[in-house]
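Here are a few exercises to work through with the model open in your viewer. Try each task before reading the solution under it.

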Amino acid sequence: MLSMKEKDMIDGSLRGDDRCQRALFERYAPLLMGVCQRYCRTQAEAEDVLQDTFVRLFAKLSQYGFRGSFAGWARRLCVNVALKTYQRKRFTLEQTGLDNVPEGAGAPTAYADLGELELLQLIQALPDGYRIVFNLYAIEGYTHKEIGDMLGIQEASSRSQLLKARKVLQQQIEIRQRIAI
Amino acid sequence: MTPIDDLFREGLGDRKPDVPQDLWAKIAAKKAAIPEGEALDHLFADKLAQRQAPVPTDMWARIVAARQPVAYRSYAALLLLFLLGGLVYFLWPGTQVQGTAEAAAFPAGPEQDMADQGGLREKFLTSLPHPPDQPARTRTAAPPLTANSGERKESAGVPAIPLPTNTLTSERPRPRALAAIASLPIPVPASATAAEAPGAGVSPSPAVPFHPTRRRFEAELLLGPAYAHQTFGTASEGDRSLRDAREVSEYPEASFQLSARLRYRLTDRFRILTGLTYVAIRNQFEYETVGALQRAVLQRTTNRLQLLEVPLLASYELPGRRLRLNVNAGPVINLATRVRGKYIHPNFAQPQALEDDSDYRSNIGVGWMASLTTTYFLGNAGTTQLLLEPFFKHYPGSFTRSGAPLAEHYWMAGLQLGLRKQLR
């Protein structure tokens, strides 16, 4: 259910009201920035994706049609922009997967004490393919079939990438924990 | 037991030192198994799914700047205006080659004969005696002649004199009426300049007239940048990963082509064009390697696809004075292909060399080309032209052999600048 204020902001943005657009940005930018940071390896990339997301969001706002949660719609749009950016970007040599992950990066922390930033760092350190699939499956909740369609890969490839991503994350958490103790 | 032993036993035996507060948490964390599978997913999802991150202060300004509309409509309107202006210039009846020396030099066609008649009429009217109150410079504004009747209507005190309906050449017998005209005394006004005097021509243009010559053979040399768009096709689903890998690692760079062509005039409007064209299609290849300190290092190289082609173009010329348009279209026959560069293959950790696989064709292939050549005559000799030619090429066939895992296709658009020289 949309709050009146949010509906006003969306209606105003559709009319081209700058203040409403700014308000919509202020309200959803932090959430979408959090999404961007999970899909991108660096802060600069995340900022670029966030910028593209809002450009597309205002361009396609009429397609929203007040069906469902606006936050969910904006989030899906953000994920799509991030995926397109990822697909446009260079191909990383993922077959070397585990070798590419820096060992023991970050401060030593016990697993129970891992905070948002530490978890984010662990995700950002994953190879591109692992990071994307892990985000889509574990955090966004897409199925392997949907991920396969979105990325143009086989369903089995999605499963395989997820397993490898989990393995890398476990290893990284274990290394941090060992150092901490 | 010595007294010294007793001293330490009594002093430290029952001592209870402070235990670090987080020691139990550390031990508990070590003892707890690191979550696996879905539990690991939940660990990340619980803390990151709704996470809000600080947004850079200038982000809104960046978004506003990125949303500024590009003035596509203005550019399109300008382009349309330019095209319309060009069409009007070339197709408007009054802007044809009337009165040019070219028409005088080749009075072969009926259109040129008519133009000659017009010139003759103008010359005749210019030379006729006129009433004293009418200035000499306004004489050409006399009522128009009826070309078909061959007679000039009596007007402004000038007697009606029949004009020939046929073309006039030196070989043909001169009609009596024309002979009568030729025998009329031609007064030369005192104010007339040398250019206006009989025998010096009647063109009001500057003293050195423009004389484009019309020879059958012309040679031209053109060079210019181009954009080559690369697409891939896969024969089987198994090669999809290879296609994906190449699509995200190869980007178009500025390509170029160099053409040396020969142009042969078939008729006044139609030409054929052939020659040799060297095409260099360039793509940037990007990939990451792991460098020192496990950091990803972006590597960039350039892939080159070199072609040697023979264009076989039909050309239609829209006439003009100095500025002309030629519409060209036809096939281009690819004689040789050479490729150099790298590509990513999902089965290999290192980039592979394009030339090693022998996947690329080495010779014959056919493409199609269309172009619009704008020419401008340089100087007054009329033998050299400056060329500006936007072109589009499409290669429907693949650049790779039929057995190659990926079929590589291109279309190309570019702009060439060059010179054309008449030969003989």
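**Exercise 1. Work out how H2(A) crosses H3(A), and which residues make the contact.**

Solution. Keep in mind that this is a predicted model.

- Step 1: get the hand. H2(A) passes H3(A) in a right-handed crossing.
- Step 2: list who touches whom. From H2(A) come A:Gln21, A:Phe25, A:Ala29, A:Leu32, A:Met33, A:Cys36, A:Gln37 and A:Tyr39, and from H3(A) come A:Ala46, A:Val49, A:Leu50, A:Thr53, A:Phe54 and A:Phe58.
- Step 3: sort them by class. The contact of H2(A) with H3(A) has 11 nonpolar residues, three polar ones and no charged ones.
- Step 4: add the geometry. H2 covers residues 18–39 of chain A and H3 covers residues 43–59; they pack at an angle of about 135 degrees, and their axes are 9 Å apart.
- Step 5: name the arrangement. Angles over 145 degrees would count as roughly antiparallel, and 65 to 115 as roughly perpendicular, so H2(A) and H3(A) are oblique to each other.

**Exercise 2. H3(A) also packs against H4(B); find the angle, the hand and the residues in contact.**

Solution.

- Step 1: fit the axes. H3(A) and H4(B), which is residues 59–66 of chain B, pack at about 55 degrees, with 9 Å between their axes.
- Step 2: classify. That angle makes H3(A) oblique to H4(B).
- Step 3: check the hand. H3(A) and H4(B) cross in a right-handed way.
- Step 4: pick out the residues. H3(A) brings A:Glu47, A:Leu50, A:Gln51, A:Phe54 and A:Val55, while H4(B) brings B:Met59, B:Arg62, B:Ile63 and B:Ala66.
- Step 5: count classes. In the contact of H3(A) with H4(B) you get six nonpolar, one polar and two charged residues.
- Step 6: look back at Exercise 1. A:Leu50 and A:Phe54 are listed in the contact with H2(A), and A:Leu50 and A:Phe54 are listed in the contact with H4(B) too.

**Exercise 3. Describe how H7(A) packs on H8(A).**

Solution.

- Step 1: H7 (residues 128–140) and H8 (residues 144–151) of chain A have axes 10 Å apart, at an angle of about 135 degrees.
- Step 2: H7(A) and H8(A) are therefore oblique to each other.
- Step 3: the crossing of H7(A) and H8(A) comes out right-handed.
- Step 4: on the H7(A) side you'll find A:Ile132, A:Val133, A:Leu136 and A:Tyr137, which meet A:His144, A:Ile147 and A:Leu151 of H8(A).
- Step 5: by class, the contact of H7(A) with H8(A) has six nonpolar residues, one polar residue and no charged ones.

**Exercise 4. Take stock of chain A: what does its secondary structure come to, and is A:Phe66 buried or exposed?**

Solution.

- Step 1: count elements. Chain A has nine helices and zero strands.
- Step 2: check burial. Chain A has 181 residues, and 40% of them count as buried.
- Step 3: look at contact range. Among contacts in chain A between residues at least 6 apart in sequence, 65% join residues at least 24 apart.
- Step 4: place A:Phe66. A:Phe66 sits in the loop between H3 and H4 (70–88) of chain A.
- Step 5: count neighbours. A:Phe66 has 11 other C-beta atoms within 10 Å, so A:Phe66 is exposed.
- Step 6: read the backbone. A:Phe66 isn't a glycine, yet its phi is positive, near 55 degrees. Most residues other than glycine have a negative phi.

**Exercise 5. Find the strands that pair with E11(B), then explore around B:Phe232.**

Solution.

- Step 1: start with E1. Strand E1 (residues 217–234) of chain B runs antiparallel to strand E11 (residues 406–422), and 15 bridges join them. B:Gly233 has B:Ala407 as its bridge partner in E11(B).
- Step 2: go to E10. Strand E10 (residues 384–395) of chain B is antiparallel to E11(B), with 12 bridges. B:Lys393 stands opposite B:Met412 in E11(B).
- Step 3: find B:Phe232. B:Phe232 lies in E1 of chain B, and with 19 other C-beta atoms within 10 Å it is partly exposed.
- Step 4: list its contacts. Leaving out residues up to four places away in sequence, B:Phe232 touches B:Arg243, B:Arg246, B:Glu247, B:Leu406, B:Ala407 and B:Glu408.

Conventions: Residues are numbered from 1 along each chain as its sequence is written. Chains are lettered from A and ligands numbered from 1 in the order in which they are written. This is a predicted model: local features need pLDDT of at least 70, side-chain atom pairs count only at pLDDT 80 or more; totals for chains, interfaces and linings use all residues. Axes are lines fitted to C-alpha atoms, for helices over the stretch in contact, and angles run from 0 to 180 degrees between N-to-C directions. Helices (H or I, at least four residues) and strands (E, at least two) are DSSP runs, numbered from the N terminus. Angles under 35 degrees count as roughly parallel, over 145 as roughly antiparallel, 65 to 115 as roughly perpendicular and the rest as oblique. A crossing is left-handed if the near helix is turned anticlockwise from the far one by less than a right angle, and right-handed if clockwise. Two residues are in contact if their C-beta atoms, placed from the backbone, lie within 7 Å. Ala, Val, Leu, Ile, Met, Phe, Trp, Tyr, Cys and Pro count as nonpolar, Asp, Glu, Lys and Arg as charged, and the others, Gly among them, as polar. Two strands pair if DSSP finds at least two bridges between them. A residue is buried if 20 or more other C-beta atoms lie within 10 Å of its own, exposed if 12 or fewer, and partly exposed in between; C-beta atoms are placed from the backbone.
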